[in-house]
Amino acid sequence: MNTVMEVINDRIRARGVTLVFVSKQANMKLDLLSKTLAGHRKMKADEFVSLCQVLDLTLEDFKTPQQAAQ
């Protein structure tokens, strides 16, 4: 099962963008984004929304395989 952080990190890698680019687009400080994606800091709801917008992620992207099969 993919965690929220795994989905976001996978999308960043798939897009070939840097954390600097994502942090600027999401209006987040780079160090906070890095800590968040590494699991050393809890993500705030507004940060989640911003990252989803920047990376074109929808709630469907976060479904587990079991949820997707329903």
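In the predicted model, Met43 is located in the loop that links helix 3 to helix 4. When neighbours within four places in sequence are set aside, the contacts of Met43 comprise Met5, Ile8, Thr36, Phe48 and Leu51. The C-alpha atom of Met43 lies 21 Å from that of Arg15, the two residues being 28 apart in sequence. The loop between helix 3 and helix 4 also holds Gly39. Gly39 is exposed, its relative accessible area being 54%. Between the C-alpha atoms of Gly39 and Met5 the separation is 7.5 Å, although their positions lie 34 residues apart along the chain when counted as a sequence offset.

Ile8, one of the contacts of Met43, has a wider set of partners. Residues up to four places away in sequence not being counted, Ile8 touches Leu37, Met43, Phe48, Leu51, Leu55, Leu57 and Phe62. The largest nonpolar core contains 15 residues, and the members that touch the most others are Ile8, Leu51 and Leu57. Two or more residues are contributed to this core by each of helix 1, helix 3 (residues 30-37) and helix 4. The greatest contribution is that of helix 1, which supplies four residues.

The packing of helix 1 against helix 4 was examined next. Two packed helices are described by the angle between their axes and by the distance between those axes. For helix 1 (residues 4-15) and helix 4 (residues 45-55), the axes come within 11 Å and the crossing angle is roughly 30°. Angles under 35 degrees count as roughly parallel, and helix 1 and helix 4 are therefore roughly parallel to each other. The crossing of helix 1 past helix 4 is left-handed. On the side of helix 1, the contact involves Val4, Ile8, Arg11, Ile12 and Arg15, which meet Phe48, Leu51, Val54 and Leu55 of helix 4. Of the residues in this contact between helix 1 and helix 4, seven are nonpolar, two are charged and none is polar. Phe48 and Leu51, which take part in the contact from helix 4, are also among the residues touched by Met43.

Helix 4 further includes Asp46. With a relative accessibility of 52%, Asp46 counts as exposed. Asp46 and Leu57 are separated by eleven residues in sequence and by 14 Å in space, C-alpha to C-alpha. Leu57 is itself one of the core members noted above for touching the most other members.

Backbone geometry was then considered. Most residues other than glycine have a negative phi. Asn27, which is not a glycine, nevertheless has a positive phi of about 60°. This residue, Asn27, belongs to the loop between helix 2 (residues 19-25) and helix 3, and is exposed with a relative accessible area of 71%. A positive phi, of about 55°, is likewise found at Asp56, again not a glycine. Asp56 is situated in the loop between helix 4 and helix 5 (residues 65-69). The relative accessible area of Asp56 is 49%, and the residue is accordingly classed as partly exposed.

The loop between helix 4 and helix 5 also contains Lys63. Lys63 counts as partly exposed, at 36% relative accessibility. In sequence Lys63 and Val7 are 56 residues apart, whereas their C-alpha atoms are 9.9 Å apart in space.

Methods: Residues are numbered from 1 along each chain as its sequence is written. This is a predicted model: local features need pLDDT of at least 70, side-chain atom pairs count only at pLDDT 80 or more; totals for chains, interfaces and linings use all residues. Side-chain values use heavy atoms; hydrogens and water are left out. Axes are lines fitted to C-alpha atoms, for helices over the stretch in contact, and angles run from 0 to 180 degrees between N-to-C directions. Angles under 35 degrees count as roughly parallel, over 145 as roughly antiparallel, 65 to 115 as roughly perpendicular and the rest as oblique. A crossing is left-handed if the near helix is turned anticlockwise from the far one by less than a right angle, and right-handed if clockwise. Contact means heavy atoms within 4.5 Å. Ala, Val, Leu, Ile, Met, Phe, Trp, Tyr, Cys and Pro count as nonpolar, Asp, Glu, Lys and Arg as charged, and the others, Gly among them, as polar. A nonpolar core is a set of buried Ala, Val, Leu, Ile, Met, Phe, Trp, Tyr and Cys residues joined through side-chain atoms within 4.5 Å. Buried means under 20% relative accessible area, exposed over 50%, partly exposed in between (1.4 Å probe, protein chains only).
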